[in-house]
Every structure is written in C-alpha cells, then in structure tokens.
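The exercises below are to be worked with the sequence and the coordinates side by side. Each one sets a task and then goes through a solution in steps.

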Amino acid sequence: MRLLLAAAVTGATVLVAPAGAAAPDPGGDAVRAWTDVALDTVRAVNASDAQAARLYAMVEVAMYDAVNGLPTTVDRHAPAFVAPVPGAAGDPVAAAAGAAHDVLAALYPARASAYDARLATDLASVTAPGQATLGRDWGGRVAARVLDARSSDGSAPAESQAPGSGPGEFRASWSGVQFRRLAPFAIADPGTYVSAGPPAMTSDAYAAAFAEVKEVGNAAVPDAARLATYRFWALGSNSVQPPGAWLRVAEGLSRGLGIAGTARLLAVEAMAMADTVAPTYATKYLYRSWRPTTAIREADTDGNAATAADPSWSPRGGTQGSSPEHWSGHSSFSAAAATALAGLLCTDGVTFALDTGAGETRTYASLAAAAAEAGRSRVYGGLHFEFSNQAGLAAGRAIAAEVLAKPVGHPDCHQ
C-alpha cells in the first residue's frame, strides 16, 4: 500500500491519506475523534510522556477490542486484551465511543462532562434501532476489562518507594521512578530491552560523542536549522508528548482503512510506544548518566583526557533535561511508532507531512526518516549524546518488532 500526500486534517496533525481513498470513513473518523479527545486530555492535564503513552494505549486498545469483538466486523484479528464473547452486539461506532469514553472518564473523572458530550454525539449518529445502546454497552464492558487489567500495572506512585537519588538534576520525580516498573501491554519482558549501558566516560567513543554535542548542541553557536529541528520535536509540557505526535501520524495514515483497520493501526502503534516506557526508565535509573550540560561543565572530573570542561556551556534547547541521560525517550518512542506503522502498512516508504504544533509543517519520505530526525533533534538541543539516541532508536525498533510478532500485531502483507 502506497500512501501519498492528500488532504489536511484539522489541528497539529499529518496531511496524508491512502491513495484513492476519497470516500467518507465515518467509522474510522469516530476512532480518530476519540483519539483526539485523548490527545486533548494529555495536553489539558499536562501529562508526562510515560503517562501519555499509558493513557493512549488504554484508549486505543479499548476501542480496538470493542470493534474487533463485534460479530459484524468482517476483518477480525486477535484481541489485545478482551476476546470476543457471545452476545456482543451493536454498532461499531457506538462500541468504540463507549469504550473510549469509559476509559477516559475513569482515569480523569473531572473531565467527564466533555467525554459525555462527545459520547452523546456519537450515539446520536447511529440511526439503526437499538444498535447505539447495544454497541455502547459492549464498549463499556470492554473498557471495564481494560481498566481492570491495568489497575495494578505499576503506574501509580507507591508511598513506600523512595524517589531515586543521584546527581542533582537526576533526583527522580515519582513518575520517573515508578514507570520503570510499568507492566507491558504486548511484549513479554521489558527487562529484555534494558541497555547494556553507555560507553565508559574514559573511552574514545564517549569523547567523540561529547565533542559532537558540545558543538552541535551549544546555545552560544547560532544555528537556526538545528534549533528549528529541536523545537519541532520538543513536545514538552502542555503538549501531546512524543507518543501523541506519532498517533497523529497514524491518524492520517489510517484514512480509508475503515473503523476496524483504523482501530487496529492505532492500537498496535500505541502498545508499541507504551511498551518502550519501562525499558526506557529502567535504563535511565539503572545507569543514572549525566546529561551533556553537566558532562561538559564538569568534564574535568570524568577522567578522560580528550574532553575539556566549559563551565559556561548551555544547551541549545534551553533545558538540560530532568531525568538521567541514557537513553533518549524521544528516540525509543519514535522508533517504536515508526516500526509498528511500517509493519502494519507493509512499507516504510510513505510520504507524509506533519505539524507538531511548533509553527511549521515538515514533509517526510518515510516513517524511519521522521523517527531518525526526532531522535537526532535531542542531540541538536544539547539534551542527549548520539550514542543514547542510537540506543533509544534500536530499542524502539526491537520492541515494535516483538509487538508485530504477536497475533494482534501480525501484519497482513501480501505480495
């Protein structure tokens, strides 16, 4: 399937659609609308990247299992969490809406009125007698199962667990420590992907990466292109976070796939991104590596004769980062998303444009190219060394490959 640039979607999103897919896609539109509600929620509550990834996966999985569980769904696949059961019935739009609504309302009850209004709109669009009620009830049953399955997944702060200690800026927030134990959505063992560690500070590899970020990530050296790339992919506070930007990509690529195809594409991608969370944070707090800002300012303490300290050095991105350096979470999220999408679409070669909300639109010739730029942006911003970008990209690709190997993610690629 070749996906080509086609038409704009409102908001900070991709401008893509499958070639020849001019027909309306009301079912897929309903799934995308609830994905947008989830994106708006993450912005409104200022969720972290890990919190956002978990929320997105829960919403997308609930919608997918609700639609996939209906006997009227022609192209059924393996469930993510909730298998089809006798008696499941109703309209798929109502099922998806009911599932997404109940997950979001349970997690953010203070925002329930907005979710209620969206649900009422979707249910009113279903005109077949009784189908709205049946679908909404089935979606609610699926949501309850998903919420139950994730109720003890390690995401909630535990009072008995002390925050991590270490170098000053790496004293962990609750979420930073806690999310290293987040239970996976699809992979077997997050520990499989924990990094073997960054290169030793006394090594030539470390010195080379140090010299590079000291140059390309230096705020004192004007470089409009590098700064723009960093800002494009920054996706920090009050944003949809990196996983949200990649859901936007999937929303555009899903146009024309119908409700079942759209729900599956978004669910598999969201699970792959969520399953990078635990290995990413486990790695960060295992090694507690210093960020380039500290490394460069205090290079006279690293034991490497090839590095020189610059106490006045500042990162181009204006922040040094709030968690340990190794590896880059932007890189792992991006590679996981790009790999999952390429696997399900049976090609990496999709041309798409993306607006992350940074004030510009960028066009990419492949999913991998976008992921590579997202990872590299962290070096340009002075937040990460290149070896941590590459480690994050490699982990994200491997995690997505395992998700794609599961029955729920197995691609239907035919020559």
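**Exercise 1. Backbone exceptions in loops**

Is Cys 346 buried, partly exposed or exposed? Establish also where Cys 346 lies, and what is notable about its phi.

Solution. The model is a predicted one, in which local features need pLDDT of at least 70 and side-chain atom pairs count only at pLDDT 80 or more, whereas totals for chains, interfaces and linings use all residues. Residues are numbered from 1 along each chain as its sequence is written, and side-chain values use heavy atoms, with hydrogens and water left out.

Step 1: the relative accessible area of Cys 346 is 35%, so the residue is partly exposed; buried means under 20%, exposed over 50%, and partly exposed in between, with a 1.4 Å probe and protein chains only. Step 2: Cys 346 sits in the loop between H13 and strand S3 (352–354), where helices (H or I, at least four residues) and strands (E, at least two) are DSSP runs numbered from the N terminus. Step 3: the phi of Cys 346 is near 70°, a positive value in a residue other than glycine. Most residues other than glycine have a negative phi, and most peptide bonds are trans.

Step 4: a second positive value, near 50°, is found at Arg 288, which lies in the loop between H11 and H12. Arg 288 has a relative accessibility of 22% and therefore counts as partly exposed. Step 5: the peptide bond joining His 326 and Trp 327 is cis, with omega about 0°, and Trp 327 belongs to the loop between helix H12 (292–297) and H13.

**Exercise 2. A helix pair**

Describe how helix H10 and helix H13 pack, and place Leu 265 within the arrangement.

Solution. Step 1: helix H10 (residues 258–274) and helix H13 (residues 329–345) pack at an angle of about 150°, their axes being 8 Å apart; the axes are lines fitted to C-alpha atoms, for helices over the stretch in contact, and angles run from 0 to 180 degrees between N-to-C directions. Step 2: on the H10 side the contact (heavy atoms within 4.5 Å) is made by Arg 264, Leu 265, Val 268, Glu 269, Ala 272 and Met 273, and on the H13 side by Phe 333, Ala 336, Ala 337, Ala 340, Leu 341, Leu 344 and Leu 345. Step 3: these residues divide into 11 nonpolar, no polar and two charged. In this classification Ala, Val, Leu, Ile, Met, Phe, Trp, Tyr, Cys and Pro count as nonpolar, Asp, Glu, Lys and Arg as charged, and the others, Gly among them, as polar.

Step 4: Leu 265, a residue of helix H10, counts as buried because its relative accessibility is 4%. Step 5: when residues up to four places away in sequence are not counted, Leu 265 touches Leu 341, Leu 344 and Leu 345, and also Ala 250, Leu 253, Ser 254 and Leu 257. From Leu 265 to Glu 251 the C-alpha to C-alpha distance is 8.7 Å, with their positions 14 residues apart in sequence.

**Exercise 3. The nonpolar core and a buried acid**

Find which residues have the most contacts inside the largest nonpolar core, and work out the surroundings of Asp 122.

Solution. Step 1: the largest nonpolar core has 93 residues, and Trp 34, Trp 233, Trp 246 and Leu 367 have the most contacts inside it; such a core is a set of buried Ala, Val, Leu, Ile, Met, Phe, Trp, Tyr and Cys residues joined through side-chain atoms within 4.5 Å. Step 2: helix H2 (residues 49–68) gives the most to this core, with 14 residues. Step 3: another core lies apart from it, with 14 residues that include Ala 295, Ala 299, Trp 313 and Phe 387.

Step 4: the contacts of Trp 34, not counting residues up to four places away in sequence, include Met 63, His 101, Tyr 115, Arg 118 and Asp 122. Step 5: Asp 122 is part of helix H4 (residues 112–124), and its relative accessible area of 4% is why it is classed as buried. Step 6: with neighbours within four places in sequence left aside, Asp 122 is in contact with Trp 34, Val 93 and Ala 97. Step 7: the side chains of Asp 122 and Arg 118 are joined by a polar contact of 2.6 Å, a term for a pair of N or O atoms within 3.5 Å, where within protein one must be able to donate a hydrogen and the other to accept it, and residues adjacent in sequence count only if both atoms are side-chain atoms.
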